Amino acid sequence: MFTWWADGSEKVGLDALVEVFNAQYPDLTFVNLAVAVAGGAGSNAKAKLASDLENDNPPDSFQGHAGAELTDYIVNEQIEPVNDIIDELGGASVFPQDLLDRITVGGDIFSVPSNIHRSNVVWANPAVLEEAGITEIPADIDAWLADMQKVKDSGVETPLSVGGTWTIVHLFENVLLANLGADDYAGLFDGSTAWDSEGVTKSAEDMVKLLGFANNASDGDDWVAPTDMVIDGTAAYNVMGDWAVGQFNERDQVDNEDYVYFPVPGTDGVFNFLADSFTLPVGAPNPEGAKDWLRTAGSVDGQKAFNLAKGSIPARTDVPSDDFPAYQQSAIESFGSDTIASSIAHGSAVNLAWLDDISTATAKFYSGKDAATFVADLTAAAQNHIG
Amino acid sequence: MSRVKTWLPGLALVTPSIILIGVFVYGLIGQNIWNSLNSSTRRAVVNQEIVERPLHDGGYANYVKLLSTADYQHALWNLLVLTAVFLIGTMFFGLLWAVLLEKGVKAEGVFRSIYLFPMAVSMIAAGIVWRWLLSPQQGGQAIGLNQLLQRLGLDALQSSWWSADSRWNMAWMAVPAIWQLSGYVMALFLAGFRGISDDQREAARIDGASEFKIYRHVLFPQLSPIALSALIIIGHMSMKMFDLIYALAGPNSYVASVPTTLMWTQMFNQGDRVMAAVNATVLLAIVAVLVVPYLIYTNRTERNQG
């Protein structure tokens with residue numbers, strides 16, 4: 001088994017899942033091969049994994065973001081379809097069809113999703129909003145920009161907080177989703193929506209305005225400092241995935257009192273997702289054991305234990321939500337009813353190479369704030385990858 | 001027969017290293033150049049189906065392709081600014097400290113250790129700390145150097161440092177590198193000064209030369225081989241520098257991109273071996289332009305002396 005969850009809530013979640021696995025399949029042992037190269041958000045581990053796969057020395061199973069990121073393994077014929085396991089677990093009756101579509105290539109499903117995170121969440125400081133006289137959740141990006149002006153007028157220098165390059169990509173994907181809507185946004189990745197269309201151009205221009213309200217960040221910064229700015233009241237808003245809840249808990253913030261959250265304005269009713277999933281590599285030394293592991297990771301018990309500990313939500317829709325904390329309950333509800341969109345910044349919508357091009361274009365845009373060049377770079381990147 | 005006896009043991013002694021270097025240095029350089037001339041395709045999933053499309057044509061067109069992209073030219077420019085500032089900075093501080101220590105300050109050992117110490121810190125660790133020191137946050141959220149400037153009442157001097165949208169921003173990226181390697185250059189110069197016998201200074205003083213003139217006409221000319229070595233060492237380190245920039249600016253930075261960071265994204269994010277090989281070959285050529293004249297020069301002076 002190969003996973004880079006070796007620290008913090010991720011490790012706690014993994015341990016909980018292993019416990020369920022050991023109870024269900026007492027004759028199998030779980031060994032994590034990646035411990036020595038863990039850390040760095042998995043970037044070192046991924047390099048090690050890639051070389052192991054290249055040299056036909058695969059682990060029994062490994063972790064990967066569900067969606068386009070897995071296509072790098074699929075096109076190189078490094079992972080096997082797991083249709084039978086998904087069917088055995090209940091198929092489309094327990095996993096949302098929108099989600100299954102996103103892990104299907106050529107009619108086959110290639111991974112078992114274990115947990116879901118939401119990308120399009122605004123985290124806000126209610127005290128700062130009250131000070132600025134803001135009482136309603138803005139309906140779209142323009143209304144949100146107007147609110148930011150109010151916050152700025154009330155004396156907060158930077159109404160919006162941002163971090164390094166990937167957090168800017170994260171913000172941008174949600175602005176795109178808000179301006180294009182879920183269908184046209186999905187079209188960006190199969191060629192049916194042009195990257196130089198009006199909605200993308202407006203999004204790039206909106207980004208210039210949004211970043212005008214934001215702090216200066218440097219390309220290598222992480223997401224924790226921007227979240228802390230909301231907690232400390234030096235910023236009103238931050239757009240971040242729902243792992244930010246962990247940081248609010250860490251700082252002893254009370255849900256709905258010290259911090260509030262809502263979907264990015266203009267994306268209400270859409271769930272911009274990213275998911276972790278487990279795979280079956282081609283030539284796994286013990287494929288039957290690996291399949292048992294996938295059965296556990298996809299089971300109700302496994303998903304419940306894992307997600308309670310990790311702070312994410314189950315990929316299955318039939319896991320009872322009563323035991324989850326308030327934020328996760330609201331996310332589970334939205335996941336069941338909302339339209340699902342795929343995150344760019346976290347490998348659901350685009351593969352690694354395309355994401356790299358988008359990230360570089362975004363970093364360039366962040367330094368020059370030139371919307372026209374940004375759109376041109378994004379269009380060129382899309383041309384390279386789906387042409 | 002007796003002539004064979006003299007060269008055979010010598011040859012036997014160096015053969016293993018000739019073979020190892022032949023395979024692992026020159027062989028792999030050759031392999032890399034060969035890779036850089038390949039054509040390649042890219043497979044991707046579009047609309048849930050796998051499609052394969054040509055990516056590079058192969059041949060020298062690969063070089064034209066890379067060298068003509070604006071991003072690569074930007075990276076080369078960044079490298080030029082970084083190298084120039086890094087060289088001037090380390091040479092200046094290295095020489096300055098060496099002269100100061102050479103004058104015989106008290107507790108020379110302590111100062112020498114202090115100046116040399118940054119070299120013991122890994123570039124990744126230094127990069128993490130300098131990322132914080134050179135943070136572009138200003139005003140209420142300022143940290144690092146900007147906060148220090150505020151405390152000193154020098155608010156106007158706050159800057160975005162290397163994150164600035166400027167042609168010269170990479171000059172700031174050279175600052176951590178200068179901090180790290182000036183001590184090394186100092187040690188080189190100090191060794192050079194120590195190698196010059198005191199008699200020469202005495203003689204110059206008796207002839208009535210001022211201290212400045214002693215340095216200018218007696219000591220510095222004898223340090224020029226050391227200065228040249230230092231230039232070459234620092235220069236090629238600057239061109240190969242990756243870890244510091246990666247730790248400071250992350251993988252996808254545009255303002256801080258140099259050929260080595262582009263190589264990382266080409267190889268590991270894009271999975272594009274051909275372009276990474278082209279990039280590596282271009283970088284090798286640039287370093288060769290610097291190092292080969294130096295090797296020719298040292299060979300020639302050694303021959304003249306011998």
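Biologist: What radius of gyration does chain B have, set against that of a compact globule of 306 residues?

Modeller: The radius of gyration is taken over C-alpha atoms, and the globule rule is 2.2 Å times the number of residues to the power 0.38. A compact globule of 306 residues would come out near 19 Å, but chain B has 25 Å. Along its principal axes, the C-alpha trace of chain B spans about 85 × 85 × 30 Å.
This is a predicted model in which local features need pLDDT of at least 70 and side-chain atom pairs count only at pLDDT 80 or more, while totals for chains, interfaces and linings use all residues. Side-chain values use heavy atoms, with hydrogens and water left out; residues are numbered from 1 along each chain as its sequence is written, and chains are lettered from A and ligands numbered from 1 in the order in which they are written.

Biologist: How does the radius of gyration of chain A stand against that of a compact globule of 387 residues?

Modeller: For 387 residues the rule gives a value near 21 Å, and chain A has 21 Å, so the two agree. The C-alpha trace of chain A spans about 65 × 45 × 40 Å along its principal axes.

Biologist: How many helices and strands does each chain have, and what makes a stretch count as one or the other?

Modeller: Helices (H or I, at least four residues) and strands (E, at least two) are DSSP runs, numbered from the N terminus. On that basis chain A has 16 helices and 11 strands, whereas chain B has 12 helices and 2 strands. From the N terminus on, chain B runs α-β-β-α-α-α-α-α-α-α-α-α-α-α.

Biologist: What makes A:Ser218 count as buried or exposed?

Modeller: Buried means under 20% relative accessible area, exposed over 50% and partly exposed in between, with a 1.4 Å probe and protein chains only. A:Ser218 has a relative accessible area of 1%, and therefore it is buried. A:Ser218 lies in the loop between α9 (198-212) and α10 (224-232) of chain A. With neighbours within four places in sequence left aside, the residues in contact with A:Ser218 (heavy atoms within 4.5 Å) are A:Gly163, A:Gly164, B:Arg131, B:Pro136, B:Trp162 and B:Ser163.

Biologist: How many residues of the two chains are in contact with each other, and what area is buried between them?

Modeller: There are 34 residues of chain B in contact with 38 residues of chain A. Buried area is the accessible area (1.4 Å probe) that two parts lose on being put together, summed over both, and here it is about 3,000 Å², with 47% given by carbon and sulfur atoms. On the chain B side, B:Gln48, B:Gln141 and B:Asn252 lose the most area to chain A, together 20% of what that side buries.

Biologist: Which helices cover the buried residues of α11 of chain B?

Modeller: The cover includes α15 of chain A, together with α2 (61-68), α3 (70-102), α9 (211-240), α10 (243-249) and α12 (273-305) of chain B. The buried residues of this helix, which runs over residues 259-269, include B:Pro259, B:Leu262 and B:Asn269. Just after the helix, B:Gly271 takes a positive phi of about 60 degrees.

Biologist: Why is the phi of A:Glu77 worth pointing out?

Modeller: Most residues other than glycine have a negative phi. A:Glu77 is not a glycine, yet its phi is positive, about 55 degrees. A:Glu77 sits in the loop between α3 (68-75) and α4 (83-89) of chain A, and with 60% relative accessibility it is exposed. A:Lys369, also other than glycine, has a positive phi near 55 degrees; this residue lies in the loop between α15 (352-368) and α16 (371-385) of chain A, and its relative accessible area of 32% makes it partly exposed.

Biologist: How do you know whether A:Asp242 is buried or exposed, and which residues is it in contact with?

Modeller: The relative accessibility of A:Asp242 is 1%, so this residue counts as buried. A:Asp242 lies in the loop between β7 (237-239) and α11 (244-250) of chain A. Beyond neighbours within four places in sequence, A:Asp242 is in contact with A:His117, A:Arg118, A:Trp123 and A:Tyr327. The C-alpha atoms of A:Asp242 and A:Gln328, 86 residues apart along the chain, are separated by 8.8 Å.

Biologist: What share of each chain counts as buried?

Modeller: In chain A, 59% of the 387 residues are buried, and in chain B, 38% of the 306 residues are.
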